[in-house]
Structure formats: structure tokens, C-alpha cells
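Subject: Structure for you to look over

Dear colleague,

I am passing on the structure we spoke about, and would be glad if you read the notes below with it open beside you. They begin with the chain as a whole and then turn to particular helices and residues.

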Amino acid sequence: MPPTVGTNVLGRKVLYLPSFFTYAKYIVQVDGKIGLFRGLSPRLMSNALSTVTRGSMKKVFPPDEIEQVSNKDDMKTSLRKVVKETSYEMMMQCVSRMLAHPLHVISMRCMVQFVGREAKYSGVLSSIGKIFKEEGFLGFFVGLIPHLLGDVVFLWGCNLLAHFINAYLVDDSVSDSPGGLGNDQNPGSQFSQALAIRSYTKFVMGIAVSMLTYPFLLVGDLMAVNNCGLQAGLPPYSPVFKSWIHCWKYLSMQGQLFRGSSLLFRRVSSGSSFALE
């Protein structure tokens, strides 16, 4: 859908892409409400397989062997525990991502068929047969590398940032009482405040890091549908990319590495181009 002219906070005219609700309304008009659930079956199967994989790996490699970070640890010991815990999480995430990725590819292709009104990918089993026949075994893993890199960067970035913030910025000696009572007068106050801050640090860091790693998710999804025989993955809707690095460079030049990250106010970048009918 083409962008529309709007105004920013300064009153200047700018181009805005359709919002989530505009696209949803258009899909309902064309396909009905069922159109909003394209690709749902393989996505649910992908999530279920990922959950089962992680559960099975926890049984084979019990997390009980991972030492939990406590307030009594010194900086060197606590960092070692965080690295060990993050490595464990990374192993589980990478294995579950690899096993579930073929279903994610099928889900993405079922979704983008809306653009060209195609019906090439209609079911999970038939889609598996088509992909294997046309692209071979590697066709199930297109776009996997940027997804894995995004997962790794997210886990390490989130855990390490949360650790250093909790270790160096959260002061255990600061009281949250109105009168600023010291350790002798209100010893539980300082502990409860520091504990509350630390409990939210990882959550906040997760949101921040996920925004920074969004381009990996975008590139991986674009590669999953690129040059697969669907109109949405071919010119003029999309160039044919040689690799995910080529895709990344193209989006970077176009200023579109974060396209789709906002549901409402989506300004058109200065380097963007659109195929208008």
C-alpha cells in the first residue's frame, strides 16, 4: 500500500506508511477476518516444537548445575556465573531455533501470499514437499543465520547489561524511606529498594536490546520469502538478494533496517522507494 501525506509535530508535511490497523482493516476487507490468521498453524507448530526442544534439553542438561548469582558474590565471581548462565541459554535457544526454523519459513510464506493472491503454500505437509522439491534441504533454513545472530546478540546484550547495571549502578546503601534513614535505623528498606530495582533491570534491558536487534529479525524474515516464487519476494516488490548480508546492506542504504518496528507512526525514510500500481 502506498504512503500517505501527513504532518509531523512541527507542522511539516511528511510521508507516512499505513499503520497496523490500516493493514488489518484492508486484509479483512479482502479476505475476511480469517485473513488475519494466515500462517497461524505452522507458527503454532513452530512455537510448540521450540518449547518441547527446550524442555528436552533441560532434562538432558539440567540447569541445576548453573550457579545463581547472589548478593554475596564479588564482581569476578558474579560475572563468571552470568557468562555461564548466558552460555546455557544461548545453547538452548540456538538448538530450538534451528529445529523450529523450517516451520517459521512456511509460516512467513503463507502470510506473504496475500500480496500476489497466490495459493502455493496451503498446508504444512504440502509446503514441506514444495520447498524440498524446489530448493532442496537448505531451503528450509533460509534466513536462519540472521535469526541466530539476533538471538545471540539479544541474550548476551541483555544479560551483560543487566548484570553491570545491577553491579555498578544500583546502590545498596540508598534508602527508599521518606526520611532517608540509614542502615542502622531501617536496614530492610535499602535491601527492598535495591532488590526491586534489580528485579526489573533485566526486563527493561530486554525491551531496549530487542529494539536494537530488530534488524536481524527483519532481514531473516525477508530472506525467508525472497526469490521463493511468490510475488512479494520478487521485483518490483523486493530485489533478489544474493545473501542476508546483501539484504542488510540494501536495507541500510534505503534507511529501512527498522521498517515495521512501529505499529502506528511509520515515517517513510528519505531513501525509500515504492512500487506503485
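A residue is called buried here when its relative accessible area is under 20%, and exposed when that value is over 50%, with partly exposed in between. By that criterion 36% of the 277 residues of the chain count as buried. Please keep in mind throughout that this is a predicted model.

The overall layout is as follows. The chain has eight helices and three strands, and from the N terminus on the elements run β-β-α-α-α-α-α-α-α-α-β. Among the contacts in the chain with a separation of 6 or more, 66% are made by residues 24 or more positions apart.

Most of my notes concern helix H7, which covers residues 214–225. H7 has twelve residues and reaches 17 Å from its first C-alpha to its last, a span close to the 16 Å expected at 1.5 Å a residue. The helix is mostly covered, with eleven of its twelve residues buried; among them are Tyr214, Pro215, Phe216, Leu218 and Val219, as well as Asp221 and Met223. H7 is followed by Asn227, whose phi is positive, near 55°.

Which helices does H7 pack against? One of them is H5 (residues 144–169), whose axis lies 7 Å from that of H7, the two packing at an angle of about 165°. Because angles over 145 degrees count as roughly antiparallel, H5 is roughly antiparallel to H7. In this pairing H5 passes H7 in a left-handed crossing. The residues that meet are Pro146, His147, Leu149 and Gly150 in H5 and Phe216, Leu217, Val219, Gly220 and Asp221 in H7. By class, this contact of H5 with H7 has five nonpolar, three polar and one charged residues.

Another is H8 (residues 244–254), where the axes of H7 and H8 come within 10 Å and cross at roughly 120°, and the two helices are therefore oblique to each other. Here H7 passes H8 in a right-handed crossing. From H7, the residues Pro215, Phe216, Leu218, Val219, Leu222 and Met223 meet Trp244, Cys247, Trp248 and Leu251 of H8. The residues of this contact divide into ten nonpolar, no polar and no charged. Phe216 and Val219 of H7 thus appear in the contact with H5 and also in the contact with H8.

Within H8, Cys247 may be worth selecting in your viewer. At 0% relative accessibility, Cys247 counts as buried. Leaving aside its neighbours within four places in sequence, Cys247 is in contact with Val219, Leu222, Met223 and Phe241, and of these Val219, Leu222 and Met223 belong to the H7 side of the contact with H8. The C-alpha atoms of Cys247 and Leu257, which are ten residues apart along the chain, are separated by 9.7 Å.

One further residue belongs to another part of the chain. Is Ser50, found in helix H2 (residues 40–60), buried or exposed? Its relative accessibility is 18%, and because buried means under 20%, Ser50 counts as buried. Apart from neighbours within four places in sequence, Ser50 is in contact with Ser96 and Ala100.

With best wishes

Methods
Residues are numbered from 1 along each chain as its sequence is written. This is a predicted model: local features need pLDDT of at least 70, side-chain atom pairs count only at pLDDT 80 or more; totals for chains, interfaces and linings use all residues. Side-chain values use heavy atoms; hydrogens and water are left out. Axes are lines fitted to C-alpha atoms, for helices over the stretch in contact, and angles run from 0 to 180 degrees between N-to-C directions. Helices (H or I, at least four residues) and strands (E, at least two) are DSSP runs, numbered from the N terminus. Angles under 35 degrees count as roughly parallel, over 145 as roughly antiparallel, 65 to 115 as roughly perpendicular and the rest as oblique. A crossing is left-handed if the near helix is turned anticlockwise from the far one by less than a right angle, and right-handed if clockwise. Contact means heavy atoms within 4.5 Å. Ala, Val, Leu, Ile, Met, Phe, Trp, Tyr, Cys and Pro count as nonpolar, Asp, Glu, Lys and Arg as charged, and the others, Gly among them, as polar. Buried means under 20% relative accessible area, exposed over 50%, partly exposed in between (1.4 Å probe, protein chains only). The expected span of a helix is 1.5 Å times one less than its number of residues.
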